[in-house]
Amino acid sequence: MTERDNKKIKYWLSLFILIIVIFLTTDWWRSIPFHQKNVLTVGVFSDSYWNQQNGNQHKFIDSVIEKYEEQNPNIKVVYEKGILKDDYSEWLAEQIIQGTAPDVFIVIPEDFNMLRDIGALKNLDSMIQKDEDFDAGAFYEAAYSAGEADGVRYSLPVECAPDLMFVNRTILQNEGIELPSSKWTWDDFYDICKKVTKDTDGNGTIDQVGVADYSWEEAFASNNVTLFNKEGTESNFTDEKVYNALMFLDQLDVLYSGSGSADISFEHGNVAFWPMNFSSYRTYLNNPVHASRYADFDWDYLTMPAGPDGDNASILDLISVAMYSETPMQNEAWEFMKLLTCDEDIQAGIFEFSEGISVCRDVTEAELVKENEMLPGMDESPNIETLEYTMQNAIFTHRFSGFNEAVNAVDTGVSEILKSDANIRMEQVIQARSINNFLKTIHN
């Protein structure tokens, strides 16, 4: 072999090594046509979880995908479009049965226990422990705790909304009543309701009331009632805490025995208190037609009043995201989940595309300041302290299969008790038997 041949061999060998180094240390080769990107599948529904017609839900997930693909050019993210929330649970179950479950999927509360029980949810604990960039402290604690069951984490929260007590500050001011503090009680609540409930025009009919739409659900939550056991097979309807809540609801009902006006509502300005989910509040906030209805009086939001056995606790609703337990793309799926739930720009998009609030404390506080001035009658700055206190005491209930039907059964039982003149304790026993019999039917 000649010296010239040796030089050629060395040249081509050096060139080959250089190409290999470039290939391994850069991403240029990903643009070559023969390269096939990895595909990450995501399960989502196309409409609003909060039952609002905004038409923007797909824009939110598209913004997440766009940013993820920019950060991960070797991955293509796809999802099936047009699945409605009401059809989503059935669709997801079918995908799991067929072995085509998405790598990452949104979890609605009613499905969490079922998905965990069938082994569809990946245990996230080891990934969280290894990921030094993941900061659980950025989340509202109540929202973050919702993704855990029996000491194991299965999901991360995406967006949430607590119930709050909205207050007509104008009525309280006209009646010479101070605005309650964040730690107000049922006694405070009842005393104010009693003072403001009256016939203001002297026609013999009550036309101003203390509260509208305050239900047993708010009363039970603020009195520390655990209504069902973990499996959803039995209720605790005969509990003393339930009795105290029923007695309180009965007291409130007595105040309105003379009310007969069809025009009594919070938006008409003749109701002092009105429980409302924060997602509904944001819907009013961003809709000029709705907001104008509240322009004639000043209003704000408070924590829920605390029962004797409870705290200023509110019901928290949320959606979360989980990883399919059999996904072959565990690392890619985890990065997508983190982007969706932890990235501040992505989470801020919830305020543009949805009616819930971010599960990240700092994001929610910053975004509420931006949009608060849009609503007539509100303070110049949002009541961040009240929201923070509410989220600290919020209650998220894991929902078993048939949960909504079980709640309807309790609703019927409470209505029967409040309509009856019979002894409440005796009625509790009767309705508890009926509720527990119903729970047996949905678990058989």
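In the predicted model, Glu 94 is partly exposed, its relative accessible area being 35%. This residue belongs to helix α3, which spans residues 85-98, and together with Asp 86, Asp 87 and Glu 90 it forms a negative surface patch. Because patches are made of residues with over 30% relative accessible area and no salt bridge, the 35% computed for Glu 94 is in keeping with its place in this group.

Salt bridges were searched for throughout the structure, and 14 were found. One of them joins the side chains of Lys 67 and Asp 345, with an N to O distance of 3.7 Å. Lys 67 is located in helix α2 (residues 57-71) and Asp 345 in helix α14 (residues 344-348), so that this pair ties together parts of the chain lying 278 residues apart in sequence. Asp 345 counts as exposed, at 60% relative accessibility.

A further set of charged side chains is centred in this description on Arg 116, which is linked with Asp 117, Asp 150 and Lys 230 in a network of salt bridges. Within this network, the side chains of Arg 116 and Asp 117 meet at 3.4 Å, taken from N to O, while the closest N and O atoms of Arg 116 and Asp 150 are 3.3 Å apart. Arg 116 lies in helix α4 (residues 112-117), whereas Asp 150 is found in the loop between β4 (148-149) and β5 (152-153), and the pair therefore ties together parts that are 34 residues apart in sequence. With regard to solvent accessibility, Arg 116 counts as buried, at 18% relative accessibility, since buried means under 20% relative accessible area. Its two acidic partners named above fall in the exposed class, with relative accessibilities of 57% for Asp 117 and 56% for Asp 150.

Val 321, a residue of strand β10 (residues 316-323), is buried, with a relative accessible area of 1%. When residues up to four places away in sequence are not counted, the contacts of Val 321 include Val 104, Phe 105, Ile 106 and Val 107, as well as Tyr 154, Ser 155, Leu 156 and Val 158. Met 337, Leu 340 and Thr 341 are also among the residues that Val 321 touches. For one of these contacts, that with Phe 105, the C-alpha atoms of the two residues are separated by 5.6 Å, although Val 321 and Phe 105 are 216 residues apart along the chain.

Definitions and conventions:
Residues are numbered from 1 along each chain as its sequence is written. This is a predicted model: local features need pLDDT of at least 70, side-chain atom pairs count only at pLDDT 80 or more; totals for chains, interfaces and linings use all residues. Side-chain values use heavy atoms; hydrogens and water are left out. Helices (H or I, at least four residues) and strands (E, at least two) are DSSP runs, numbered from the N terminus. Buried means under 20% relative accessible area, exposed over 50%, partly exposed in between (1.4 Å probe, protein chains only). Contact means heavy atoms within 4.5 Å. Patches are made of residues with over 30% relative accessible area and no salt bridge: like charges are joined within 9 Å, nonpolar side chains (Val, Leu, Ile, Met, Phe, Trp, Tyr) within 5 Å. Accessible areas come from the Shrake-Rupley method with a 1.4 Å probe; for residues, only the protein chains shown count as cover. A salt bridge is a side-chain nitrogen of Lys or Arg within 4 Å of a carboxyl oxygen of Asp or Glu. Lys and Arg count as positive and Asp and Glu as negative; His and the chain ends are not counted. The place of a charge is taken as NZ of Lys, CZ of Arg, CG of Asp or CD of Glu.
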